[in-house]
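Colleague: I am new to this structure and would like to understand the terms used for it. Could we look at it together?

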Amino acid sequence: MCGAVQISLPALPDTYGSCACDMCRRATGSMFRNIWVADADLRLTGNDTVRTFDSSAWAERGFCGECGSPLWYRMKEGDHRGLSLGLFDDTEHLIAGDLYYSDKPICKTLRQSPANPMTESETLAHFTRGDA
């Protein structure tokens with residue numbers, strides 16, 4: 001929001017994901033909507049402003065150290081991250097993709113049906129198998 005961190009990609013994907021787990025809900029006040037991208041495709045400026053914290057034993061969250069805006073969710077053992085959808089201006093073309101923790105009450109507020117809803121147990125199995 002403040003512009004201290006700039007993120008660019010060669011192109012945005014066609015879909016976005018949403019996570020309604022308790023951790024994402026607490027971090028964003030709603031669902032964490034993101035685009036999943038390879039670290040190699042990410043161009044970041046203002047890296048000295050980025051702050052991270054371990055949000056669990058397996059993941060970290062990145063945020064702007066100036067204004068606190070959420071930047072990403074990243075699995076520690078991977079080479080991809082979920083970039084906050086709020087970082088990008090042109091997202092009109094994106095369609096809903098994966099919805100993690102689809103059994104949470106906040107998911108009842110969705111207008112667009114996700115392509116792949118997963119309950120809490122299905123989400124945990126998905127990431128434990130290494131499908132992500």
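What follows is a conversation about how the terms apply to this structure.

Modeller: Before we start, please note that this is a predicted model, in which local features need pLDDT of at least 70 and side-chain atom pairs count only at pLDDT 80 or more, while totals for chains, interfaces and linings use all residues. Residues are numbered from 1 along each chain as its sequence is written, and side-chain values use heavy atoms, with hydrogens and water left out.

Colleague: What makes β5 and β6 a pair of strands?

Modeller: Strands here are DSSP runs (E, at least two residues), as helices are runs of H or I with at least four residues, numbered from the N terminus. Two strands pair if DSSP finds at least two bridges between them, and β5 (residues 50-54) and β6 (residues 59-64) are joined in the antiparallel sense over 5 bridges, so they meet that definition. R51, for instance, has F63 in β6 as its bridge partner, and a hairpin of 4 residues connects β5 to β6.

Colleague: Which order do the strands of the open sheet follow, and what makes β5 and β10 edge strands?

Modeller: The open sheet has 8 strands in the order β5-β6-β7-β8-β3-β2-β9-β10, with mixed pairing. β5 and β10 (116-118) are called edge strands, as each pairs on one side only.

Colleague: Why is E60 called buried and D54 exposed?

Modeller: Buried means under 20% relative accessible area, exposed means over 50%, and partly exposed lies in between, with a 1.4 Å probe and protein chains only. E60 has a relative accessible area of 11%, so it is buried, whereas D54, with 54%, is exposed.

Colleague: How do you know that E60 and R74 form a salt bridge?

Modeller: A salt bridge requires a side-chain nitrogen of Lys or Arg within 4 Å of a carboxyl oxygen of Asp or Glu. For E60 and R74 the N to O distance is 3.1 Å, so the pair qualifies. E60 lies in strand β6 and R74 in strand β7, so the pair ties together parts that are 14 residues apart in sequence. R74 is also buried, with a relative accessible area of 16%.

Colleague: What makes K76 and D54 a salt bridge, and where do these residues lie?

Modeller: Their closest N and O atoms are 3.4 Å apart, so they too satisfy the definition. K76 lies in the loop between β7 and β8 and D54 in strand β5, so this pair ties together parts that are 22 residues apart in sequence. At 30% relative accessibility, K76 counts as partly exposed.

Colleague: How far apart are the closest N and O atoms of R25 and D22?

Modeller: They are 3.7 Å apart, so this pair is a salt bridge as well. Both residues lie in helix α1 (residues 22-28), 3 residues apart, which is about one turn of the helix. Altogether, the structure holds 6 salt bridges.

Colleague: Why is there no disulfide bond between C24 and C19?

Modeller: A disulfide is a pair of cysteine sulfur atoms within 2.5 Å. The sulfur of C24 is 3.7 Å from the closest cysteine sulfur, in C19, and therefore too far for a bond. C24 is buried, with a relative accessible area of 3%. The structure holds 0 disulfides, and C2 is in none either, the nearest cysteine sulfur, that of C64, being 3.7 Å away.
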